[in-house]
Amino acid sequence: MPRVDVELRIAASPDQAWAAVADVESYPGCMDNVESVTVTERGDARHRTTAWSVRLKGSVLRWTEAEVLDHGARRFDFRQVTGDLGAFSGHWAVTPTGAAHSTVSLHVDFDIGIPLLAEMLNPVASDALRENAAQMLRALERRLGAADPDTGVRR
């Protein structure tokens, strides 16, 4: 199964970065490629189900995922329960890189669900997902007001 890994060091405390990462319902307001994210079920403070709609290279992908949040570790794991791809899972994580800096990472494993075309489509899908994930991380950075996206200078 192909894997996409993207990370970005940002000028925000780990707690600030984690709060932004965990607040998935705010993503459409700050991420151009995210059309909607809705929490459809909350099992408890650690478990939730979310419905996503994301634009990816001119197409709209829709899926519902089960999420397990570990607030202490600043990580949440997800796996698609229904959706457009054959399989889609991974995790978001925030790690401290100093008192006022964090590294936010997104790791995704996926299967497009079309075995006969996988060899041809997996590299294209990997590139598109990597670009999309990088856009999401930069949007979180802008939302936190951590740095100007063009110069990297703290505002």
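β6 and β7 form a hairpin, with five residues between the two strands. In its turn, Gly 98 has a positive phi of about 120 degrees. This is a predicted model. Its chain has 155 residues, and its secondary structure comes to three helices and seven strands. The structure also holds one cavity of 30 Å³ or more.

**The chain as a whole**

- From the N terminus on, the order of elements is β-α-α-β-β-β-β-β-β-α.
- Of the 155 residues, 46% count as buried.
- The chain exposes about 8,000 Å². Carbon and sulfur atoms supply 51% of that area.
- Take the contacts in the chain with a separation of 6 or more: 47% of them come from residues 24 or more positions apart.

**Strands β6 and β7**

- Strand β7 covers residues 102-111 and runs antiparallel to β6.
- Ten bridges join the two strands, β6 and β7.
- One bridge pairs Val 94 with Val 104, which lies in β7.

**Strands β5 and β6**

- Strand β5 spans residues 75-83, and strand β6 spans residues 87-96.
- β5 and β6 also run antiparallel, joined by five bridges.
- Phe 76 has its bridge partner in β6, namely Trp 92.
- A hairpin links β5 to β6 here too, through three residues.
- Strand β6 thus has a pairing with β5 and another with β7.

**The cavity**

- The largest cavity has a volume of about 190 Å³.
- It is lined by 16 residues. Those closest to its centre are Trp 63, Phe 88, Leu 106, Asn 132 and Met 136.
- The elements that give two or more residues to this lining are β3 (47-56), β4 (59-70), β6, β7 and α3 (118-143).
- Both strands of the β6-β7 hairpin are therefore among the elements that give two or more residues to the lining.
- Helix α3 provides the largest share of the lining, with four residues.
- By class, the lining has 14 nonpolar residues, one polar residue and one charged residue.

**Points to locate in the structure**

- For the β6-β7 hairpin, find Gly 98 in the turn, then the bridge partners Val 94 and Val 104.
- For the β5-β6 pair, find the bridge partners Phe 76 and Trp 92.
- For the cavity, start from the residues closest to its centre, including Trp 63 and Met 136.

How values were computed: Residues are numbered from 1 along each chain as its sequence is written. This is a predicted model: local features need pLDDT of at least 70, side-chain atom pairs count only at pLDDT 80 or more; totals for chains, interfaces and linings use all residues. Side-chain values use heavy atoms; hydrogens and water are left out. Buried means under 20% relative accessible area, exposed over 50%, partly exposed in between (1.4 Å probe, protein chains only). Contact means heavy atoms within 4.5 Å. Accessible areas come from the Shrake-Rupley method with a 1.4 Å probe; for residues, only the protein chains shown count as cover. Two strands pair if DSSP finds at least two bridges between them. On a 1 Å grid over the protein atoms alone, a cavity is a set of points where a 1.4 Å probe fits but cannot get out, and a pocket is an open set with protein on both sides within 12 Å along at least five of seven lines; lining residues have an atom within 4 Å of a point. Grid points are joined across faces, edges and corners, and a volume is the space filled by probe spheres set on the points. Ala, Val, Leu, Ile, Met, Phe, Trp, Tyr, Cys and Pro count as nonpolar, Asp, Glu, Lys and Arg as charged, and the others, Gly among them, as polar.
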